[in-house]
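Here are a few exercises to work through with the model open beside you. Try each task before reading its solution.

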Amino acid sequence: MNLMTTPTIWIFLPVLFSLLLILVHRLHKLSVWIACTVSLLLAVVAMIFPQNLDLTLFGRNFLFDDTFLILNRALIITGTGLKTVAMLYLFSFLWNIAGMRFSVSRWFPTISLTITALWVSALAVEPFLYAALIVELIVLISVVLLTPRGEQAGSGVMRYLVLQTIALPFILLSGWMVTGIESAPSASTLILRGAVLILIGFSLWLAVFPLHTWLPMLAEKTHPWVFSFVFLMQQSSLSIFLLKVLDQFAWLRNLTGVFPAMQWVGVLTVLAGGVLASLQTKVNRVLAYLILIETGYSVLAIGLISQGGGEALALSLLPRALAYLQYAYTLSSIQQIAPEIDGSFPSLRGLFTRLPFHSISLIVSLLSLLGLPALGLFPARRMLWNSGAGLTSHYTPLLGLAVAGMALFILRLMDTLLTTDPNPTSPTLSGKGEESIWQILVLCFFTLLSLLVGVFPHVFLNPFLGILEPFIHLLPSS
Amino acid sequence: MSETLRIASAALLLLAAAINLVRRQWALNILALGLQYVCVFLIILEVRSPLLAAIKLIVGLMVTLMLYLTLVSSGLIESLLVRRRLSSGEVFRGTIALLLVLISILLGPVLQQSAFPQSSQLLLTASVGLILFGLFQMGTITEPLYLVIGLLTFLSGFELLYASLEFSRVLEALFTAVNLSLALIGCFFIVKDVESRSA
């Protein structure tokens, strides 16, 4: 068995470290530092690893293989696929390092590293249908983190488990159904069935509208830090996985109606997220709608792949993660400083006088996700809005409505944060300078980073276009 | 294996799934779940060697045992001999169970003809029955034990179907991992539920 392979480094090694972390999970700081170091090292190594996998170290040459064989099935991480791997481990690092001060589960470092390694393996496994079972394992592991401490499992987590499990047969059956379909191009019924099964499976996994009902229920009960991590990883990995499936199967990408269907699903998901967000009165639940909107944009980007959607998707991955990070960090920090704040609008009233930097950070992260110019997500949004409008006039009003819904929520939140209750029921809402210098610095850093990414996208975002390199059939020019 | 034994296994399998859907008595449900796995083993022998089929049986019985031990340690499990009158909910679910059995019997031949010609009608009836019972259970109940039983039933049905379509050792290993993880999550849910009740 050849162990000098890329899957050994980016799948088996982190899994081994996760097992080690189980032993030291009670020593929280140590396990966080181990998880951070391993994630950062893996991300950096993946970023700088030579694309031909021929590594020269201390004058010696190490030629790595991109394939690891297990019982005639393969895990393949090519040189071009390492950018995606680097991105996933970077996310794992960011959530572990910044989340150190929050009282999330002691298992977070262990599970976050395992989840990252499993997502990498889901993207690496061949044939792709095996990924369905790996995703199911990820869901089962995530459930431990998503269940709130000291409380029984809520209906959100149960619905999540059920709907993700239902996706499994669709993907597995589609994989079986389309085996050898390339050699039987006239099998149109099979192609149609296979395509329908794959698309239903992905719809369930991605929780697109109207299969998203569990998302807000789960967001309300789960720690925002954990929720944002689990669903950022899921969203980013599944988007790339969908690209991989489309790239791999000519019969799927050549089927009439697949891309327009994705465009409509994406637009309707964005619309549902925007409209529903405008009606919310709890900032925790809004996190779910932010995830929903971003899922919609990802699906729309893949639907618009021949109109530059791929680039828009790649450009959105980092700023989206930073916006989630900032929103979840701010929310978690607010709840840590003032546990009486449950995220509802009445509890947030007049918060600006008490926690001004947190209030500004919350708004900035939302504006970034809205796609405001000069903030991180604007370049990707602009590309998508232009591509959608250039294709058909139907999408523009719907996307406009979604943006208006989101903007309305932001305005309502600003009003709540700035307006002090004339008859305060709680004596705690007084300006006491509860924000430490360290917290202020971190929040300012997030805001500055979002601005820098928005102002200099070519510096920060262009390297992420490399994520599209492996999809040579779907994006021949990339 | 004789045809009569296979038919009896399929009938018993659907009966066990129906018991899990209808009755709300933990000890009985766990027994029915174990029985379900034994029947899956007998039916799967049609497409797998006894050694490979035994993997599913062993995993299934381990899952059942894990759930049983968790329930016993929670101290809330009733004796199997406790008799309770049927509630109106149970009568309703019983009617649904009959309907689901009927649908499975009718769907078996249709599915064989249209999508899975290599699978036998009996296997398709049994797998569709389990999938439907699992789906119904998952869609209507939020109590942890029943949700997990629903998920396990749904997965068993699908595994049965998939076993007739394709064999791969990696797939078997992954299915085993998923089943055992699901049982662990079930135990985790049950413990959390019991803790929050006693708090």
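What percentage of the 478 residues of chain A count as buried? The solution is 59%, where buried means under 20% relative accessible area, exposed over 50% and partly exposed in between, with a 1.4 Å probe and protein chains only.

A word on conventions: this is a predicted model, in which local features need pLDDT of at least 70, side-chain atom pairs count only at pLDDT 80 or more, and totals for chains, interfaces and linings use all residues. Residues are numbered from 1 along each chain as its sequence is written, chains are lettered from A and ligands numbered from 1 in the order in which they are written, and side-chain values use heavy atoms, leaving out hydrogens and water.

**Exercise 1. Describe the build of chain A.**

Step 1: Start with secondary structure, where chain A has 20 helices and 5 strands; helices (H or I, at least four residues) and strands (E, at least two) are DSSP runs, numbered from the N terminus.

Step 2: Chain A has a radius of gyration of 22 Å, close to the 23 Å from the globule rule for 478 residues, so it is as compact as a globular protein of that length. The radius is taken over C-alpha atoms, and the rule is 2.2 Å times the number of residues to the power 0.38.

Step 3: Along the principal axes, the C-alpha trace of chain A spans about 75 × 55 × 45 Å.

Step 4: Turn to contacts, meaning heavy atoms within 4.5 Å. In chain A, 80% of those between residues at least 6 apart in sequence join residues at least 24 apart.

**Exercise 2. Place Ser142(A) in its surroundings.**

Step 1: Find Ser142(A) in helix H5 of chain A, which covers residues 130-146.

Step 2: Check its cover: Ser142(A) has a relative accessible area of 1%, so it is buried.

Step 3: Leaving aside residues up to four places away in sequence, Ser142(A) touches Ile115(A), Tyr160(A) and Val230(A).

**Exercise 3. Repeat the survey for chain B.**

Step 1: Chain B has 7 helices and 0 strands, giving the pattern α-α-α-α-α-α-α along the sequence.

Step 2: The radius of gyration of chain B is 17 Å, which agrees with the value near 16 Å for a compact globule of 199 residues.

Step 3: The C-alpha atoms of chain B fill a box of roughly 55 × 40 × 25 Å along the principal axes.

Step 4: Buried residues make up 54% of the 199 residues in chain B.
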